[in-house]
Amino acid sequence: MNDRVKADASLVLSPEELAEITRHAVARTFRPRTVLVSEGENTDALYIIVEGKARAYVGDASGREVVLSIMGPGEYFGEIAFDEGPRSASVITLETCKMLVVPRAEFAEFIKTNPAFAMSFIRKLIHQVRVLTENVRSLALMDAYGRVARLLLDSAVTNDGVQYIPERLTQAEIASRVGCSREMVSRIFKDLVQGNYISVETDRIVIHRKPPARW
């Protein structure tokens, strides 16, 4: 699934928006591996990431998890609480995070008085619907090879003609993101490396040519 967010500039708070919303927020710092919100709970705050990264995920009673997104500075979560309903996912910090926490009432007032941000907020919700739709399509219609290929391509950046994923994803992380076993990811990576589709370096994965949608 496309869970590494290559944040569209229109979906990230601008410096001006961040400065304005800071007036309505409380600054807090969270340690790594802190669960900020839990799926199903009722909370009434928006979280804006100033520094650090956090992961949104859903899980079941047996401990299995599916990653929905990885978020970084300028991105925010908790907007689902705007309707006063329960959280639809859990969020955990991946490293030390500095955040702005905005109570729901303050956030509602901020939207009313900032129409430009209101439009950005709507675009973000539409973007999330599109991403979730594509994720459902992948799970329903793509085999494991296709889902891994999509994750690699969606996570990649290109610099100086080289296409690569600028972080070393573990096979366990990839398995969680695409909804298959780590053993299956290991076999897929072995085939992709042998076929010269990718190479796995110390701190990144390089894509030499587009992986097959299915094997």
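## Ground rules

Two strands count as paired if DSSP finds at least two bridges between them. Strands (E, at least two residues) and helices (H or I, at least four) are DSSP runs, numbered from the N terminus.

This is a predicted model: local features need pLDDT of at least 70, side-chain atom pairs count only at pLDDT 80 or more, and totals for chains, interfaces and linings use all residues. Residues are numbered from 1 along each chain as its sequence is written, and side-chain values use heavy atoms, without hydrogens and water.

## The whole protein

The protein has 6 helices and 12 strands. Of its 215 residues, 43% are buried, meaning under 20% relative accessible area with a 1.4 Å probe, protein chains only; exposed means over 50%.

## A sheet of four strands

One open sheet has 4 strands in the order β2-β7-β4-β5, with antiparallel pairing. β2 (35-37) and β5 (65-71) are the edge strands, each with a single partner, so one side of each lacks a neighbour in the sheet.

Look at β4 (residues 54-59). It runs antiparallel to β5, and 6 bridges join the two. Gly-59 stands opposite Glu-65 in β5.

## Helix α6

Helix α6 covers residues 182-194. Which of its residues are buried? They are Val-185, Ile-188, Phe-189 and Leu-192. Seen down the axis, they fall within an arc of 100° (taken from the directions from the helix axis to the C-beta atoms), so they line one face of α6.

The face turned away from that buried side carries exposed Lys-190 and Gln-194. Cover for the buried residues includes α4 (144-155), α5 (171-178), β11 (198-200) and β12 (205-207). Just after α6, Asn-196 takes a positive phi of about 60°.

Conventions: The expected span of a helix is 1.5 Å times one less than its number of residues. Contact means heavy atoms within 4.5 Å.
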